[in-house]
Amino acid sequence: MLPPSSRNMPIPSRAVLGLLAVFAAAHLSEAACPAGTFDCGDGGCVPQEKRCDFWTDCKNKKDESDCKVEDCKTGTFGCGNGKCVRKLIHRCEGVDDCGNGADEKDCKPNECGLGAFYCGNGKCVRKNRKCDGKDDCGNGNDETQCKPEECQSYTFPCGNGRCVKVEKKCDGTDHCGNGADEKGCAAISKTKGPKPADTTTCPKGQFNCGDGGCVAMDKRCNHWKDCRNGADEANCAKSDCRGGAFHCGGNSMRCTWSQDRCDGNKNCDNNSDEENCTPEDCKPLTRYCGNGRCVLTKRWCDGKDDCGNGYDEKDCSKDECQPYTTFCEAKKGKKAKCVPQGTSC
(Lines give C-alpha, C1' and ligand atoms only; values in the text may rest on other atoms or scores of the structure.)
Protein backbone atom coordinates (compact mmCIF):
# COMPACT_ATOMS: atom_id res chain seq x y z
CA MET A 1 0.00 0.00 0.00
CA LEU A 2 1.34 3.48 -0.88
CA PRO A 3 2.17 5.89 1.94
CA PRO A 4 -0.38 8.71 2.44
CA SER A 5 1.99 11.38 1.14
CA SER A 6 2.32 9.66 -2.24
CA ARG A 7 -1.29 8.65 -2.91
CA ASN A 8 -2.15 11.89 -4.69
CA MET A 9 1.14 12.32 -6.60
CA PRO A 10 0.71 12.34 -10.45
CA ILE A 11 2.08 9.31 -12.26
CA PRO A 12 4.67 10.25 -14.96
CA SER A 13 3.44 9.69 -18.51
CA ARG A 14 5.12 7.25 -20.88
CA ALA A 15 6.48 10.17 -22.89
CA VAL A 16 8.14 11.68 -19.81
CA LEU A 17 9.56 8.30 -18.81
CA GLY A 18 10.91 7.87 -22.35
CA LEU A 19 12.62 11.24 -22.25
CA LEU A 20 14.18 10.40 -18.88
CA ALA A 21 15.48 7.13 -20.30
CA VAL A 22 17.04 8.89 -23.32
CA PHE A 23 18.65 11.46 -21.05
CA ALA A 24 20.05 8.77 -18.79
CA ALA A 25 21.44 6.82 -21.75
CA ALA A 26 23.04 9.94 -23.19
CA HIS A 27 24.54 10.77 -19.81
CA LEU A 28 26.01 7.30 -19.53
CA SER A 29 27.45 7.45 -23.07
CA GLU A 30 29.24 10.70 -22.24
CA ALA A 31 31.12 8.99 -19.46
CA ALA A 32 31.78 5.81 -21.41
CA CYS A 33 35.44 6.50 -22.29
CA PRO A 34 37.67 3.85 -20.70
CA ALA A 35 40.62 4.68 -18.45
CA GLY A 36 43.67 5.96 -20.30
CA THR A 37 41.62 7.64 -23.03
CA PHE A 38 40.48 11.22 -23.60
CA ASP A 39 36.77 12.06 -23.90
CA CYS A 40 36.15 14.14 -27.03
CA GLY A 41 32.74 15.20 -25.73
CA ASP A 42 31.06 14.18 -28.99
CA GLY A 43 30.79 10.48 -28.25
CA GLY A 44 34.34 9.70 -29.32
CA CYS A 45 37.37 8.66 -27.28
CA VAL A 46 41.06 8.83 -28.24
CA PRO A 47 44.17 7.44 -26.49
CA GLN A 48 45.49 9.90 -23.91
CA GLU A 49 48.85 10.06 -25.68
CA LYS A 50 47.12 11.70 -28.65
CA ARG A 51 46.05 14.63 -26.48
CA CYS A 52 47.95 17.84 -27.41
CA ASP A 53 50.21 16.16 -30.01
CA PHE A 54 49.32 18.65 -32.80
CA TRP A 55 47.32 16.03 -34.70
CA THR A 56 43.54 16.44 -34.57
CA ASP A 57 42.05 13.08 -33.56
CA CYS A 58 38.68 14.14 -32.13
CA LYS A 59 36.17 15.10 -34.78
CA ASN A 60 35.46 18.34 -32.91
CA LYS A 61 39.22 19.01 -32.42
CA LYS A 62 38.79 19.07 -28.64
CA ASP A 63 41.95 17.00 -28.13
CA GLU A 64 44.01 19.93 -29.43
CA SER A 65 42.31 22.72 -27.47
CA ASP A 66 42.95 24.11 -23.96
CA CYS A 67 46.41 22.49 -23.88
CA LYS A 68 48.77 23.49 -21.10
CA VAL A 69 52.46 23.81 -21.91
CA GLU A 70 53.16 20.66 -19.90
CA ASP A 71 50.48 18.80 -21.89
CA CYS A 72 52.27 19.33 -25.22
CA LYS A 73 53.84 16.07 -26.34
CA THR A 74 57.46 15.47 -27.33
CA GLY A 75 58.27 17.20 -30.61
CA THR A 76 55.76 20.00 -30.07
CA PHE A 77 56.07 23.51 -28.65
CA GLY A 78 53.66 24.89 -26.06
CA CYS A 79 52.26 28.27 -27.12
CA GLY A 80 50.88 29.15 -23.70
CA ASN A 81 47.46 29.92 -25.18
CA GLY A 82 46.00 26.43 -25.20
CA LYS A 83 47.71 25.41 -28.42
CA CYS A 84 50.70 23.23 -29.35
CA VAL A 85 52.59 23.46 -32.67
CA ARG A 86 55.19 21.19 -34.25
CA LYS A 87 58.55 22.29 -32.88
CA LEU A 88 60.73 21.18 -35.80
CA ILE A 89 58.59 22.96 -38.40
CA HIS A 90 56.96 25.92 -36.67
CA ARG A 91 59.43 27.07 -34.01
CA CYS A 92 61.49 30.07 -35.20
CA GLU A 93 60.62 29.79 -38.90
CA GLY A 94 59.40 33.34 -39.37
CA VAL A 95 55.64 32.75 -39.20
CA ASP A 96 53.38 33.20 -36.16
CA ASP A 97 51.76 29.76 -36.01
CA CYS A 98 50.78 30.01 -32.33
CA GLY A 99 48.66 33.11 -32.88
CA ASN A 100 50.30 34.92 -29.99
CA GLY A 101 53.82 35.00 -31.42
CA ALA A 102 55.24 32.67 -28.76
CA ASP A 103 56.79 30.31 -31.32
CA GLU A 104 58.77 33.24 -32.77
CA LYS A 105 60.08 34.75 -29.52
CA ASP A 106 63.57 34.42 -27.98
CA CYS A 107 64.97 32.50 -30.94
CA LYS A 108 68.66 31.61 -31.06
CA PRO A 109 70.74 31.69 -34.28
CA ASN A 110 70.80 27.90 -34.54
CA GLU A 111 67.02 27.67 -33.98
CA CYS A 112 65.97 29.52 -37.12
CA GLY A 113 64.24 26.99 -39.34
CA LEU A 114 64.78 26.07 -42.96
CA GLY A 115 64.35 29.16 -45.12
CA ALA A 116 64.57 31.60 -42.19
CA PHE A 117 67.07 34.40 -41.42
CA TYR A 118 68.28 35.30 -37.90
CA CYS A 119 67.81 38.99 -37.06
CA GLY A 120 70.19 39.13 -34.12
CA ASN A 121 67.46 40.22 -31.71
CA GLY A 122 65.85 36.89 -30.88
CA LYS A 123 63.69 36.94 -33.99
CA CYS A 124 63.73 35.02 -37.29
CA VAL A 125 62.12 36.14 -40.57
CA ARG A 126 61.55 34.24 -43.77
CA LYS A 127 64.47 34.55 -46.18
CA ASN A 128 62.15 35.81 -48.89
CA ARG A 129 61.53 38.84 -46.64
CA LYS A 130 65.23 39.61 -46.45
CA CYS A 131 66.25 42.52 -48.68
CA ASP A 132 62.64 43.22 -49.67
CA GLY A 133 62.71 46.94 -48.86
CA LYS A 134 60.89 46.53 -45.53
CA ASP A 135 62.29 46.22 -42.01
CA ASP A 136 60.77 42.88 -40.95
CA CYS A 137 63.33 42.22 -38.18
CA GLY A 138 62.56 45.43 -36.32
CA ASN A 139 66.25 46.29 -36.04
CA GLY A 140 66.90 46.70 -39.77
CA ASN A 141 69.28 43.72 -40.00
CA ASP A 142 67.31 42.11 -42.82
CA GLU A 143 67.74 45.28 -44.91
CA THR A 144 71.45 45.98 -44.37
CA GLN A 145 74.47 44.76 -46.33
CA CYS A 146 72.28 43.39 -49.11
CA LYS A 147 74.13 42.31 -52.22
CA PRO A 148 72.45 43.27 -55.52
CA GLU A 149 71.64 39.61 -56.21
CA GLU A 150 69.98 39.31 -52.77
CA CYS A 151 67.43 42.04 -53.46
CA GLN A 152 63.99 40.53 -54.00
CA SER A 153 62.63 40.51 -57.54
CA TYR A 154 60.22 43.37 -56.80
CA THR A 155 62.93 45.65 -55.41
CA PHE A 156 65.67 47.86 -56.84
CA PRO A 157 69.30 47.35 -55.67
CA CYS A 158 70.71 50.65 -54.41
CA GLY A 159 74.33 49.54 -54.50
CA ASN A 160 74.90 50.60 -50.88
CA GLY A 161 73.56 47.50 -49.15
CA ARG A 162 69.93 48.52 -49.39
CA CYS A 163 66.99 47.58 -51.59
CA VAL A 164 63.85 49.65 -52.23
CA LYS A 165 60.50 48.69 -53.74
CA VAL A 166 60.44 49.03 -57.54
CA GLU A 167 57.42 51.33 -57.38
CA LYS A 168 59.50 53.84 -55.40
CA LYS A 169 62.02 54.17 -58.20
CA CYS A 170 61.83 57.55 -59.94
CA ASP A 171 59.12 58.93 -57.69
CA GLY A 172 61.07 62.08 -56.85
CA THR A 173 62.27 60.92 -53.41
CA ASP A 174 65.69 59.49 -52.56
CA HIS A 175 64.75 56.24 -50.81
CA CYS A 176 68.16 54.61 -51.32
CA GLY A 177 70.06 57.32 -49.50
CA ASN A 178 72.60 57.58 -52.30
CA GLY A 179 70.21 58.79 -54.98
CA ALA A 180 70.52 55.59 -57.05
CA ASP A 181 66.74 55.14 -57.29
CA GLU A 182 66.38 58.63 -58.78
CA LYS A 183 69.11 58.46 -61.40
CA GLY A 184 68.21 58.44 -65.09
CA CYS A 185 64.65 59.49 -64.41
CA ALA A 186 64.64 62.83 -66.25
CA ALA A 187 62.54 61.51 -69.13
CA ILE A 188 59.83 60.11 -66.86
CA SER A 189 56.85 62.36 -66.25
CA LYS A 190 56.04 62.93 -62.58
CA THR A 191 52.58 64.33 -63.29
CA LYS A 192 50.09 61.93 -64.90
CA GLY A 193 49.89 58.46 -66.31
CA PRO A 194 51.52 55.16 -65.32
CA LYS A 195 55.25 54.68 -65.37
CA PRO A 196 56.69 52.94 -68.42
CA ALA A 197 57.22 49.18 -68.16
CA ASP A 198 60.48 48.18 -66.50
CA THR A 199 62.83 46.91 -69.18
CA THR A 200 65.59 45.90 -66.77
CA THR A 201 68.01 43.40 -68.25
CA CYS A 202 69.09 40.83 -65.67
CA PRO A 203 72.83 40.38 -65.10
CA LYS A 204 74.46 37.16 -66.23
CA GLY A 205 73.71 34.30 -63.87
CA GLN A 206 70.33 35.68 -62.80
CA PHE A 207 66.81 34.63 -63.74
CA ASN A 208 64.46 37.17 -65.33
CA CYS A 209 61.08 37.08 -63.60
CA GLY A 210 59.41 38.87 -66.49
CA ASP A 211 57.93 41.50 -64.19
CA GLY A 212 60.97 43.73 -63.97
CA GLY A 213 62.63 41.65 -61.29
CA CYS A 214 65.64 39.34 -61.24
CA VAL A 215 66.62 36.58 -58.83
CA ALA A 216 69.77 34.53 -58.42
CA MET A 217 69.73 31.50 -60.71
CA ASP A 218 70.13 29.12 -57.76
CA LYS A 219 66.70 30.27 -56.56
CA ARG A 220 65.13 28.88 -59.70
CA CYS A 221 63.00 25.78 -59.02
CA ASN A 222 63.91 25.50 -55.32
CA HIS A 223 60.27 25.32 -54.16
CA TRP A 224 60.32 28.92 -52.88
CA LYS A 225 58.58 31.67 -54.86
CA ASP A 226 61.24 34.36 -55.05
CA CYS A 227 59.77 36.20 -58.04
CA ARG A 228 56.72 38.25 -57.08
CA ASN A 229 54.77 36.53 -59.88
CA GLY A 230 56.11 33.04 -59.08
CA ALA A 231 57.78 32.70 -62.48
CA ASP A 232 60.89 31.15 -60.91
CA GLU A 233 58.81 28.11 -59.85
CA ALA A 234 56.96 27.59 -63.14
CA ASN A 235 57.89 25.36 -66.10
CA CYS A 236 60.63 23.58 -64.16
CA ALA A 237 62.40 20.69 -65.87
CA LYS A 238 63.63 17.79 -63.74
CA SER A 239 67.20 19.03 -64.10
CA ASP A 240 66.13 22.45 -62.78
CA CYS A 241 65.00 21.19 -59.35
CA ARG A 242 67.49 22.50 -56.79
CA GLY A 243 68.79 21.12 -53.54
CA GLY A 244 67.48 17.59 -54.01
CA ALA A 245 63.92 18.77 -54.63
CA PHE A 246 61.45 16.31 -56.17
CA HIS A 247 60.14 16.97 -59.68
CA CYS A 248 56.39 16.60 -59.98
CA GLY A 249 56.58 15.60 -63.64
CA GLY A 250 53.77 15.24 -66.15
CA ASN A 251 51.95 18.46 -66.90
CA SER A 252 52.84 19.91 -63.49
CA MET A 253 56.38 21.13 -64.23
CA ARG A 254 56.89 21.94 -60.55
CA CYS A 255 59.36 21.00 -57.83
CA THR A 256 58.54 20.23 -54.21
CA TRP A 257 60.59 19.40 -51.12
CA SER A 258 62.07 15.89 -51.16
CA GLN A 259 60.93 15.41 -47.57
CA ASP A 260 57.33 15.95 -48.73
CA ARG A 261 57.47 12.78 -50.81
CA CYS A 262 55.37 9.89 -49.48
CA ASP A 263 54.18 11.84 -46.41
CA GLY A 264 50.47 11.28 -47.05
CA ASN A 265 49.83 14.86 -48.22
CA LYS A 266 49.35 16.08 -51.78
CA ASN A 267 52.15 18.58 -52.48
CA CYS A 268 52.35 18.23 -56.29
CA ASP A 269 49.17 19.33 -58.05
CA ASN A 270 49.16 15.98 -59.90
CA ASN A 271 49.80 13.99 -56.67
CA SER A 272 52.95 12.44 -58.18
CA ASP A 273 54.82 12.90 -54.88
CA GLU A 274 52.46 10.31 -53.38
CA GLU A 275 52.76 7.71 -56.14
CA ASN A 276 55.22 4.80 -56.55
CA CYS A 277 56.18 4.85 -52.86
CA THR A 278 57.72 1.84 -51.16
CA PRO A 279 57.08 0.87 -47.52
CA GLU A 280 60.52 2.29 -46.68
CA ASP A 281 59.59 5.63 -48.32
CA CYS A 282 56.54 6.18 -46.11
CA LYS A 283 57.19 8.96 -43.60
CA PRO A 284 56.46 8.70 -39.85
CA LEU A 285 52.76 8.87 -38.94
CA THR A 286 51.83 7.17 -42.23
CA ARG A 287 51.07 3.58 -43.26
CA TYR A 288 51.71 1.80 -46.54
CA CYS A 289 48.71 0.96 -48.71
CA GLY A 290 50.33 -1.79 -50.76
CA ASN A 291 49.72 0.06 -54.03
CA GLY A 292 52.52 2.62 -54.03
CA ARG A 293 50.76 5.07 -51.74
CA CYS A 294 51.16 6.12 -48.11
CA VAL A 295 48.23 7.35 -46.03
CA LEU A 296 48.32 9.25 -42.75
CA THR A 297 47.69 6.92 -39.81
CA LYS A 298 44.88 9.16 -38.59
CA ARG A 299 43.01 8.42 -41.85
CA TRP A 300 43.27 4.66 -41.33
CA CYS A 301 39.92 3.04 -40.49
CA ASP A 302 38.01 6.32 -40.83
CA GLY A 303 35.25 4.93 -43.03
CA LYS A 304 36.71 6.34 -46.24
CA ASP A 305 38.89 4.63 -48.85
CA ASP A 306 41.96 6.89 -48.76
CA CYS A 307 44.35 4.30 -50.22
CA GLY A 308 42.30 3.85 -53.37
CA ASN A 309 42.35 0.07 -53.05
CA GLY A 310 40.39 -0.17 -49.80
CA TYR A 311 43.44 -1.41 -47.87
CA ASP A 312 43.10 1.25 -45.14
CA GLU A 313 39.51 0.09 -44.44
CA LYS A 314 40.21 -3.64 -44.54
CA ASP A 315 40.03 -5.82 -41.40
CA CYS A 316 39.60 -2.84 -39.05
CA SER A 317 39.13 -3.69 -35.39
CA LYS A 318 37.05 -1.68 -32.94
CA ASP A 319 40.22 -0.23 -31.40
CA GLU A 320 41.48 0.93 -34.81
CA CYS A 321 38.31 2.86 -35.71
CA GLN A 322 38.82 6.62 -35.62
CA PRO A 323 36.92 8.43 -32.81
CA TYR A 324 34.44 9.99 -35.23
CA THR A 325 33.35 6.64 -36.69
CA THR A 326 31.08 3.77 -35.65
CA PHE A 327 32.30 0.17 -35.53
CA CYS A 328 30.18 -2.37 -37.42
CA GLU A 329 30.47 -5.98 -36.29
CA ALA A 330 31.07 -8.73 -38.88
CA LYS A 331 27.83 -10.48 -39.88
CA LYS A 332 26.20 -12.37 -42.73
CA GLY A 333 29.45 -12.89 -44.62
CA LYS A 334 30.45 -9.24 -44.30
CA LYS A 335 33.67 -8.27 -42.57
CA ALA A 336 33.86 -5.85 -39.66
CA LYS A 337 34.34 -2.23 -40.67
CA CYS A 338 34.28 1.39 -39.50
CA VAL A 339 31.72 3.82 -40.92
CA PRO A 340 31.30 7.57 -40.41
CA GLN A 341 29.11 8.45 -37.45
CA GLY A 342 25.47 8.73 -38.48
CA THR A 343 25.88 6.02 -41.14
CA SER A 344 24.07 2.74 -40.61
CA CYS A 345 25.99 -0.52 -40.63
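Which residue's side chain meets that of K335 in a salt bridge? The partner is D315, and the gap from N to O is 3.9 Å. That pair gets its own close-up below, after a quick look at the whole chain.

**Figure 1. The whole chain, as a predicted model.** We start zoomed out, to set the scene for the close-ups. The protein chain has 345 residues, and 36% of them count as buried. Its secondary structure comes to two helices and 16 strands. About 20400 Å² of the chain is exposed, with carbon and sulfur atoms supplying 53% of that area. Take the contacts between residues at least 6 apart in sequence: 19% of these join residues at least 24 apart. Seven salt bridges are found in the structure, and three of the panels below show one each.

**Figure 2. K335 and D315 pair up between two loops.** Here the side chains of K335 and D315 meet in a salt bridge, at 3.9 Å from N to O. K335 sits in the loop between strand 15 and strand 16, while D315 sits in the loop between strand 14 and strand 15, so the bridge ties together parts that are 20 residues apart in sequence. K335 counts as exposed because its relative accessibility is 57%. D315 has a relative accessible area of 48%, so this residue is partly exposed.

**Figure 3. A positive patch made of lysines.** Four residues build this positive surface patch: K331, K332, K334 and K337. K332 is a handy one to pick out, in the loop between strand 15 (325-328) and strand 16 (337-340). With a relative accessibility of 84%, K332 counts as exposed.

**Figure 4. R126 and E93 form a buried salt bridge.** In this view R126 pairs with E93, and their closest N and O atoms are 3.3 Å apart. The two come from distant parts of the chain: R126 belongs to strand 6 (residues 124-126), E93 to the loop between helix 2 and strand 5, and 33 residues separate them. Is R126 buried or exposed? R126 is buried, and E93 is buried too.

**Figure 5. E104 is buried without a salt bridge.** E104 lies in the loop between helix 2 (87-90) and strand 5 (116-118). In general, side chains of opposite charge can pair when their charged atoms come close. For E104, the nearest side chain of opposite charge belongs to R91, and that one is 6.6 Å away. So what does E104 touch, leaving aside neighbours within four places in sequence? Its contacts run through H90, R91, C92, E93, G94, V95 and D96, and they also take in G122, K123 and C124.

**Figure 6. E275 and R293 bridge two loops.** The closest N and O atoms of this salt bridge are 3.5 Å apart. E275 is in the loop between strand 12 (255-256) and strand 13 (286-288), and R293 is in the loop between strand 13 and strand 14 (294-296), so parts that are 18 residues apart in sequence get tied together. E275 counts as partly exposed because its relative accessibility is 25%. R293 comes in at 28% and counts as partly exposed as well.

**Figure 7. D263 and two positive phi angles in the loop between strand 12 and strand 13.** D263 is a residue of this loop, and its relative accessible area of 14% makes it buried. Not counting residues up to four places away in sequence, D263 touches E274, K283, T286 and L296. D273 is ten residues from D263 along the chain, and their C-alpha atoms are separated by 8.6 Å. Now for the backbone: N271, also placed in the loop between strand 12 and strand 13, has a positive phi of about 65 degrees although it is not a glycine. L285 is another non-glycine with a positive phi, this time about 70 degrees, and its place is in that loop too. L285 is partly exposed, with a relative accessible area of 45%.

**Figure 8. K87 and its surroundings in helix 2.** K87 belongs to helix 2 and counts as partly exposed, at 45% relative accessibility. Setting aside neighbours within four places in sequence, K87 is in contact with G75, T76 and F77. How far apart in space are K87 and F54, C-alpha to C-alpha? The distance is 9.9 Å, for residues 33 apart in sequence.

Conventions. Residues are numbered from 1 along each chain as its sequence is written. This is a predicted model: local features need pLDDT of at least 70, side-chain atom pairs count only at pLDDT 80 or more; totals for chains, interfaces and linings use all residues. Side-chain values use heavy atoms; hydrogens and water are left out. Patches are made of residues with over 30% relative accessible area and no salt bridge: like charges are joined within 9 Å, nonpolar side chains (Val, Leu, Ile, Met, Phe, Trp, Tyr) within 5 Å. Accessible areas come from the Shrake-Rupley method with a 1.4 Å probe; for residues, only the protein chains shown count as cover. Lys and Arg count as positive and Asp and Glu as negative; His and the chain ends are not counted. The place of a charge is taken as NZ of Lys, CZ of Arg, CG of Asp or CD of Glu. Helices (H or I, at least four residues) and strands (E, at least two) are DSSP runs, numbered from the N terminus. Buried means under 20% relative accessible area, exposed over 50%, partly exposed in between (1.4 Å probe, protein chains only). Contact means heavy atoms within 4.5 Å.
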